[in-house]
Amino acid sequence: MDLNAQWKKGCIRIGTPTNLLAAATSFLPVLWLCSAYNCWPSLDVVLKAWGLVAASFGAFYFVEPISYYSVIGLSGSYLVFLSGNIGNMRVPCAAQALDATHTEPGTLQAEVVSTLGICGSIVTNLIAVLLAAFIGASVVAALPKVVSDAFVKYAAGAIFGGTFGNFAIKYPKIAVFGLAIPLALIYFAKTPAYVTIPAAVFGCIAIARAFYVMEKKA
C-alpha cells in the first residue's frame, strides 16, 4: 500500500466516527433541556428553524468542503469541521504553514504540513479561549473604546483580507476574478448571499482551471 492510500485510510478510520460522534452528541444539551423542562418543539417549528439556518448558511455546506480542500486536505477537513473557526483560524494557519515550509499544495507533504498547522492552531485556540474566559473581559474593558470596537468590527475582516492577500500575491490573475465576481454579483446583479458565495467560489475554481489548461497547452 502506498503512503498516500495508507494516510487516507487512517484519516477516514479515525475522522469519520469522531465527527459523527460529535454531531450526535451536540444534540444532547437540547435533548436534556427539552426533557427536563418538558418543552419539546413541534416538527413544524423545528423545520422552520432549520429552514432559516439553511437559507443563511446552506451555501457553506457545499462551498467550504470543496474550496478549502486544496489547502487543508482530508485529515485537515476532519479536524476543521470538528473544531470550528474554519475560515478565520484553521485555513489561514494551514496556508501559512504551507507558505513557511514552501510546500506545494495538493501533495501528501502539504496535507501533513497543513494538518500540523491546524493542530497547532487548535491547541493555541484552546489556550486563548481559556485565558479569554478568565481575563478577556477585564482586558477589553481596560482598552480604549476605539481599540475594543476595532476588535469587534474589523478582526474577522483583517484575517480574511490577510489570507486573500497571501494567495493574491501568488496567483494575481485569479485574485482579480476573486474580487470582481462577488462585487459584480453584489452591486450589479443584487444576488443574495446564498447565490453570491457559491458563484464566486466555483467561478474562481473554473477560471483557475481554465488558466491551468491554457498554461499546459502553451
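Reader: Is Val53 buried, partly exposed or exposed?

Author: This is a predicted model, in which local features need pLDDT of at least 70, side-chain atom pairs count only at pLDDT 80 or more, and totals for chains, interfaces and linings use all residues. Residues are numbered from 1 along each chain as its sequence is written, and side-chain values use heavy atoms, leaving out hydrogens and water. Buried means under 20% relative accessible area and exposed over 50%, with partly exposed in between (1.4 Å probe, protein chains only). Val53 has 42% relative accessibility, so Val53 counts as partly exposed.

Reader: Thanks! Which helix holds Val53?

Author: Helices are DSSP runs of H or I with at least four residues, numbered from the N terminus. By that numbering, Val53 has its place in helix α3.

Reader: Which element gives the most residues to the nonpolar patch?

Author: A patch takes residues with over 30% relative accessible area and no salt bridge (a side-chain nitrogen of Lys or Arg within 4 Å of a carboxyl oxygen of Asp or Glu); its nonpolar side chains (Val, Leu, Ile, Met, Phe, Trp, Tyr) are joined within 5 Å. Here the members include Trp50, Val53, Phe57 and Phe202, and the whole patch has about 840 Å² of accessible area (Shrake-Rupley method, 1.4 Å probe). Two or more residues come from each of α3 (43-83) and α8 (193-217). With six residues, the element that gives the most is α3.

Reader: Now to the inside. Which element gives the most to the largest nonpolar core?

Author: A nonpolar core is a set of buried Ala, Val, Leu, Ile, Met, Phe, Trp, Tyr and Cys residues joined through side-chain atoms within 4.5 Å. The largest one has 14 residues, and Val71, Ile72, Val91 and Ile118 touch the most other members. At least two residues each come from α3, α4 (86-100) and α5 (108-142). The most, six residues, come from α4.

Reader: Which residue's side chain makes a polar contact with Ser75?

Author: Ser75 sits in helix α3 and is buried, at 8% relative accessible area. Beyond four places in sequence, Ser75 is in contact (heavy atoms within 4.5 Å) with Trp7, Cys11, Glu111 and Thr115. A polar contact is a pair of N or O atoms within 3.5 Å; within protein, one must be able to donate a hydrogen and the other to accept it, and residues adjacent in sequence count only if both atoms are side-chain atoms. At 2.5 Å, the partner is Thr115.

How values were computed
Patch = residues over 30% accessible without salt bridge, like charges linked within 9 Å, V, L, I, M, F, W, Y side chains within 5 Å.
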